[in-house]
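Biologist: I would like to go through the labels on this model one at a time. Please set each value against its cut-off.

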Amino acid sequence: MTAAADFKHSSAPEPHRSRTKQILRAHPEIRSLIGPSQSTFWWTLVVVALQGVVAWFAATSSWWVVFLLSYTIGAFANHGLFVLIHECTHRLVFKRKAPNFITGLIANMPLFFPSIAPFQKYHLKHHAFQGVYELDADVPSLWEAKLIGHSAFGKALWLLFYPFFQALRPMRMKEVQVMQGLEVINLLVQIAVNVAVYYLLGPKALAYLAMSFFFSIGLHPLGARWIQRHYLTGEGEQETFSYYGFLNAVTFNVGYHNEHHDFPSVPWNRLPKIKAAAPEFYQELKSYTSWTRLFFQFLFDRELSLYSRMVRADRNRVGLSDEVRPDLDAIEATRPVAMKAPPMAAREVLGAS
Ligand SMILES: [Zn+2]
Ligand SMILES: [Zn+2]
């Protein structure tokens with residue numbers, strides 16, 4: 001069989017909005033899982049402190065110890081901080097935007113690169129425009145897919161340099177402004193943190209954090225989470241996949257990706273409860289139990305590549321600045337007309353373009 005040289009195209013709208021409605025109809029009790037979880041703030045402090053202590057230890061260790069630490073503790077800790085940043089992005093720590101952003105800035109401190117501000121902007125678009133090539137930065141760029149090809153070596157390089165590829169994707173998102181105020185704040189805070197680490201702890205401590213960043217994202221079994229979420233590893237129309245393996249215990253349940261897209265207003269610690277409450281909706285979907293197996297499958301299966309993605313042209317009448325939250329929207333839609341908040345109702349109409 002010849003390996004694909006184009007994405008798979010869908011003429012259907014993204015799958016989550018309709019499933020959210022069905023699940024809420026069948027299991028209205030899931031509404032009680034919606035809402036921020038302030039414990040995430042304390043988890044953020046714990047993981048940032050852990051990275052501070054390990055960086056301090058790494059500062060006086062040999063280079064191979066620095067490497068080992070960053071591939072093990074560092075990769076998991078920084079990955080955990082990305083997941084916590086993701087929580088802040090969806091305003092799942094506090095109700096208001098500002099304290100979520102500040103929590104995100106704190107979670108960002110050991111990550112070496114400024115991440116919260118750009119991630120926030122592009123990730124919300126990923127939810128609102130899943131598979132829309134011009135707006136979903138989770139979909140690889142065509143040049144990227146062509147360059148990497150189908151070889152194990154190419155895909156390993158791609159995972160190793162994943163942050164660089166991801167950083168270049170906004171170039172194709174012509175409708176989204178690249179640098180805004182929050183990005184500048186994020187950048188300045190991060191420069192200050194990195195300089196402080198360098199002078200207070202030393203260059204090895206900073207190298208430890210930078211290496212942890214790369215391993216947490218790329219050439220590491222944890223890197224398979226990128227593949228798990230939206231890469232098509234088989235036939236069929238399913239385009240979002242969950243991982244239910246044991247590593248969810250140390251990754252703030254990041255594997256529950258179908259549940260997260262269906263209910264982006266439910267925080268990480270309550271995601272397993274969605275599957276437990278509505279098993280009939282999730283058991284029938286394809287899912288994974290091993291990132292390591294998927295990691296090697298992706299590398300060595302020549303039919304899998306960066307083209308193994310579903311794309312669509314249909315924006316489903318969503319406006320560019322809309323924050324799509326299918327769970328809240330579905331609940332809003334079932335409320336009596338007199339109780340509806342005008343901005344939400346208006347958004348449905350104004351967002352249609
Ligand atoms: Zn999300
Ligand atoms: Zn996703």
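Modeller: Start with burial: a residue is buried if 20 or more other C-beta atoms lie within 10 Å of its own, exposed if 12 or fewer, and partly exposed in between, with C-beta atoms placed from the backbone. This is a predicted model: local features need pLDDT of at least 70, side-chain atom pairs count only at pLDDT 80 or more, and totals for chains, interfaces and linings use all residues. Residues are numbered from 1 along each chain as its sequence is written, while chains are lettered from A and ligands numbered from 1 in the order in which they are written.

Biologist: Why does Glu 144 count as partly exposed?

Modeller: Glu 144 has 16 C-beta neighbours inside 10 Å, so it falls between the two cut-offs and counts as partly exposed. Glu 144 sits in helix α6 (residues 142–148). Helices here are DSSP runs (H or I, at least four residues), strands are runs of E with at least two, and both are numbered from the N terminus.

Biologist: What is Glu 144 in contact with, leaving aside neighbours within four places in sequence?

Modeller: Phe 165 and Leu 306. Contact means that the C-beta atoms, placed from the backbone, lie within 7 Å. Arg 169 is 25 residues from Glu 144 in sequence, and their C-alpha atoms are 9.1 Å apart.

Biologist: What makes Arg 91 buried?

Modeller: Its count is 20 C-beta neighbours inside 10 Å, and 20 or more means buried. Arg 91 belongs to the loop between α3 and α4. Its phi is positive, about 55°, although Arg 91 is not a glycine. Most residues other than glycine have a negative phi.

Biologist: Why does Phe 252 count as buried?

Modeller: With 23 C-beta neighbours inside 10 Å, Phe 252 meets the cut-off of 20 or more, so it is buried. Phe 252 has a positive phi of about 50° and is not a glycine. Its loop runs between β2 (242–243) and α12 (257–262).

Biologist: How do you know that the span of helix α4 agrees with the expected one?

Modeller: The expected span is 1.5 Å times one less than the number of residues. Helix α4 (residues 97–108) has 12 residues, so it should span 16 Å; its end C-alpha atoms are 16 Å apart, which agrees. Buried residues of α4 include Phe 101, Leu 105 and Ile 106. The buried residues of α4 pack against α2 (39–58), α3 (63–89), α5 (116–128) and α9 (181–200).

Biologist: Why is α1 called oblique to α16?

Modeller: The axes of α1 (residues 16–26) and α16 (residues 326–334) cross at roughly 55° and come within 9 Å. Axes are lines fitted to C-alpha atoms, for helices over the stretch in contact, and angles run from 0 to 180 degrees between N-to-C directions. Under 35 degrees is roughly parallel, over 145 roughly antiparallel, 65 to 115 roughly perpendicular, and the rest oblique. That makes α1 oblique to α16.

Biologist: What makes α9 and α10 oblique to each other?

Modeller: They pack at about 135°, with axes 6 Å apart. The angle fits none of the other classes, so α9 and α10 are oblique. Asn 194, Val 197 and Tyr 198 of α9 meet Pro 203, Ala 205, Leu 206 and Leu 209 of α10.

Biologist: Why is α2 oblique to α10?

Modeller: The axes of α2 and α10 (residues 203–217) come within 7 Å and cross at roughly 130°. That angle makes α2 oblique to α10.

Methods. Contact = placed C-beta atoms within 7 Å.
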